[in-house]
Amino acid sequence: MKITRRIEFDAGHRIPDHASQCRHLHGHRYALEITLAGEVIEAAGQPYNGMVMDFAEVKAIARRLIVDLWDHAFLVYAGDKLVVDFLASLPGHKTVILDRVPTAENLARIAFERLAPAYRDVYGNHLRLERVRIYETPNCWAECCSSDLSS
């Protein structure tokens, strides 16, 4: 069985080498979709009976490891020295320095890598992270799947 939880957050970024508008500082209303796969739990009398995982727990883990860190932050590539230095000059600015350019593709992969261990077999039902999808706009997204990383 597969389940998916969607969480939205706002963040800024830029793609420094982009040939068009995305090279400028800008922001998005991102949506993070987390798809988990596992067996439906059969545990009469338990609060998670009939579930793969409680959606509230899916959200709590995603908030702790990704959303609370990235929400209303500027996501910047460590190699984008001009912007890293500028953001460092702003007192109290929420900046997240990444080891990769913050494209939707890279953000999906980073999120997958951080989340996968946190969801793994939480309830003893062979639970695993199947897919992370990051929507940069309602019409544009990137996804990282477990099958993408196993090859």
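Which residues form one aromatic cluster with F9? Y30 and W70 join F9 in that cluster.

Before going further, some ground rules. This is a predicted model, where local features need pLDDT of at least 70, side-chain atom pairs count only at pLDDT 80 or more, and totals for chains, interfaces and linings use all residues. Residues are numbered from 1 along each chain as its sequence is written, and side-chain values use heavy atoms, with hydrogens and water left out.

**Rings**

Searching the whole structure turns up four aromatic pairs. To pair, rings of Phe, Tyr and Trp (its six-membered ring) need centres within 6.5 Å; planes under 30 degrees apart are stacked, over 60 edge-to-face, and the rest tilted. One of the pairs is F9 with W70: the ring centres are 6.2 Å apart and the planes sit at 55°, so this pair is tilted. F9 belongs to strand β1 (residues 2-13) and W70 to helix α1 (residues 55-70), so the contact ties together parts that are 61 residues apart in sequence. Helices (H or I, at least four residues) and strands (E, at least two) are DSSP runs numbered from the N terminus. F9 and W70 are both buried, and here buried means under 20% relative accessible area, exposed over 50%, and partly exposed in between (1.4 Å probe, protein chains only).

Y135 and W141 make another tilted pair, because their ring centres are 5.1 Å apart and their planes are at 45°. Y135 is buried at 11% relative accessible area, while W141 is partly exposed at 43%. Y135 also has a charge for company: the charged end of R6 sits over its ring, 4.9 Å from the centre. That label needs NZ of Lys or CZ of Arg within 6 Å of the ring centre and within 35 degrees of the ring normal.

**Salt bridges**

Side chains of opposite charge can pair when their charged atoms come close. The search of the whole structure gives 16 salt bridges, each being a side-chain nitrogen of Lys or Arg within 4 Å of a carboxyl oxygen of Asp or Glu. Here are some of them:

| Acid | Base | N to O distance |
|---|---|---|
| E130 | K2 | 3.8 Å |
| D68 | R63 | 2.8 Å |
| D99 | R100 | 3.0 Å |

In the E130 and K2 bridge, E130 is in strand β5 and K2 in strand β1, so the pair ties together parts that are 128 residues apart in sequence. E130 is buried at 17% relative accessibility, whereas K2 is exposed at 53%. For the second row, D68 is partly exposed at 38% and R63 is partly exposed at 35%. In the third row, D99 is exposed at 57%. Shared partners also link R6, E8, D10, R29, E33, R131, R133 and E143 into one salt-bridge network.

**Cysteines**

How many disulfides are there? The count is zero, going by a rule that asks for two cysteine sulfur atoms within 2.5 Å. Why is C140 not bonded to C22? The C22 sulfur is the closest cysteine sulfur to that of C140, but at 9.1 Å it is too far for a bond. C140 is partly exposed at 42% relative accessibility. The sulfur of C145 has its closest cysteine sulfur in C144, 6.8 Å away and too far for a bond; C145 is buried at 16%.

**Backbone**

Two histidines are worth a look. H72 has a positive phi near 55° without being a glycine. H72 lies in the loop between α1 and β3 (73-77) and is exposed at 58% relative accessibility. H126, also not a glycine, has a positive phi of about 60°, and sits in the loop between α3 (104-119) and β5 (128-137).
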